[in-house]
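Subject: A structure for you to explore

Hi,

Here is the structure I promised to hand over, with its sequence. Have a look at it first, and then read my notes below with the model open beside you.

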Amino acid sequence: MERIRCRSADRKVNRLIWMFLKAGVLAEDQFIRTDAGTPQGANLSPLLANIALEVIEERYGRWVQWDKPYDEGVKAAANARKRDRTAGRPVFFPIRYADDFVVLVSGTYEDALKEKEALAAHLKHAAKLILSEEKTHITPLEKGFEFLGHRIRMTWDDRYGWSPRIEIPKKKVSDIRYRIKQWTTRSMTRWSLAYILRNVNPMLRGWGQFYRHCTGAKHIFYSVDWYVGDRLWRWMRKKYPEASVKELMRSRRLSTIRRGYRTWHEGRQEQFLMGSLTVERYALERMRRPDYAVVSGEPDT
């Protein structure tokens, strides 16, 4: 709350946040009072995590320069990292989203281990937070790690040397296939094809949009599209066991999304093809901090 008051001078808002923290939770039809923390899944939790965990950026301010104007801060931080690497000093660069964060280390394993202990002590002293030992690991970038549902690792190429790759984890591919399979089981044959497509398509569209910036995403999208088509074919065979192949194939028509492809249709519902999504890397040079993220420093802003 002290850190919130440094940002907000509105007493009504601060009082509302305080009441939110003291409201307690309902678990298994029982009211439980909470002395610390925020309710799991509450819409206020990410906001409070961003405010409380600014202590991380403060610790690595030399290499982040988060408190300066965007363009000026990015350039100053990049120059500081370059000077320290050239001088042989370790460099630590944090990347954070709410309460999930990673610290990229340019240095030795001993530097990373020492910094992990120092960061745990810093969080405990500055924010009264305890770093989870079970979830905090030191991992070489060649091996890779998962962050926010993506797999990040460094790979070697004889032509270009080391390069970063943001990939779709295999577990996430298995999860989307399992969810599709649940919608195309024998127990779902009482529903129409249009109903199945109406529920499966948003799932495919959202999953594809989330991972369309990953390396090699197009190949995975095509494989999932084939799997969806195959599962719908098997589902149609279960729903209409006495229908001929020709009769079932009448529901497969040319796609209006991707020319030359045949997809399952019923009425206005059409199977969504993730392969039609554009796969591209993030355009970092066009990204700028939005206006609403710039704080003027005046009260009640």
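**Salt bridges**

Let's begin with one pair: the side chains of R159 and D157 come together in a salt bridge, with 3.2 Å from N to O. R159 is exposed, with a relative accessible area of 65%, while D157 counts as partly exposed at 23%. Please keep in mind throughout that this is a predicted model.

How many salt bridges does a search of the whole structure find? The search finds 13. Here are some others to look up.

The side chains of R153 and E167 meet in a salt bridge at 2.9 Å, N to O. This pair links distant parts of the chain: R153 lies in strand 6 (residues 150–157) and E167 in strand 7 (residues 161–167), and the two are 14 residues apart. R153 is partly exposed, at a relative accessible area of 24%. E167, at 12% relative accessibility, counts as buried, because the cut-off for buried is under 20%.

D84 and R89 form a salt bridge through their side chains too, at 2.6 Å from N to O. Is D84 buried or exposed? D84 is buried, with a relative accessible area of 1%. Its partner R89 is partly exposed, at 43%.

There is also a network of salt bridges, which links R3, E54 and E58.

**The sheet with strands 5, 6 and 7**

Strand 6 and strand 7 belong to an open sheet of three strands, in the order 5-6-7 and with antiparallel pairing. Which strands are at the edges? They are strand 5 (145–147) and strand 7, each of which pairs on one side only. From one strand to the next, the twist averages 30°.

In case pairing is new to you: strands of a sheet pair through backbone hydrogen bonds, and they can be parallel or antiparallel. Here, strand 6 and strand 7 run antiparallel and are joined by seven bridges. For one of the partners, find W156 and look across to strand 7, where its bridge partner is W162.

While you are in strand 6, stop at H150, which is found there. H150 counts as buried, at 11% relative accessibility. Its side chain reaches the backbone oxygen of L148 at 3.0 Å. Not counting residues up to four places away in sequence, H150 touches F145, I166, E167, P169, F210, Y211 and C214. You have already met E167 as the salt-bridge partner of R153.

**The sheet with strands 8, 9 and 10**

A further open sheet is formed by three strands in the order 8-9-10, and its pairing is antiparallel. Its edge strands are strand 8 (252–254) and strand 10 (269–270), each pairing on one side only. Strand 9 (residues 262–266) pairs with strand 10 over two bridges, in the antiparallel sense. Across this pairing, H265 stands opposite E270 in strand 10. Helix 9 (residues 193–211) packs on the sheet, where it touches strand 9 and strand 10. The direction of helix 9 makes about 120° with that of strand 9.

**Two sides of helix 2**

Now turn to helix 2 (residues 11–21), whose buried residues are N14, I17 and L21. Why are they on the same side of the helix? They cover an arc of only 60° around the axis, so they share one side of helix 2. These buried residues pack against helix 1 (2–7) and helix 3 (45–52). The face turned away from the buried side carries the exposed residues R11, K12, L16 and M19. At the start of helix 2, a side-chain oxygen of D10 comes to within 3.0 Å of the backbone nitrogen of K12.

**A buried residue in helix 8**

One last stop is I180, which has its place in helix 8 (residues 170–183). At 1% relative accessibility, I180 counts as buried. Which residues is I180 in contact with, leaving aside its neighbours within four places in sequence? They are M203, L204, V224, Y227, V228 and R231. To get a feeling for distances in the model, compare the positions of I180 and A118: these residues are 62 residues apart along the chain, and their C-alpha atoms are separated by 45 Å.

Enjoy exploring, and do write back with any questions!

Best wishes

Notes:
Residues are numbered from 1 along each chain as its sequence is written. This is a predicted model: local features need pLDDT of at least 70, side-chain atom pairs count only at pLDDT 80 or more; totals for chains, interfaces and linings use all residues. Side-chain values use heavy atoms; hydrogens and water are left out. A salt bridge is a side-chain nitrogen of Lys or Arg within 4 Å of a carboxyl oxygen of Asp or Glu. Buried means under 20% relative accessible area, exposed over 50%, partly exposed in between (1.4 Å probe, protein chains only). Helices (H or I, at least four residues) and strands (E, at least two) are DSSP runs, numbered from the N terminus. Two strands pair if DSSP finds at least two bridges between them. Axes are lines fitted to C-alpha atoms, for helices over the stretch in contact, and angles run from 0 to 180 degrees between N-to-C directions. The arc is that of the directions from the helix axis to the C-beta atoms. Contact means heavy atoms within 4.5 Å. A polar contact is a pair of N or O atoms within 3.5 Å; within protein, one must be able to donate a hydrogen and the other to accept it, and residues adjacent in sequence count only if both atoms are side-chain atoms.
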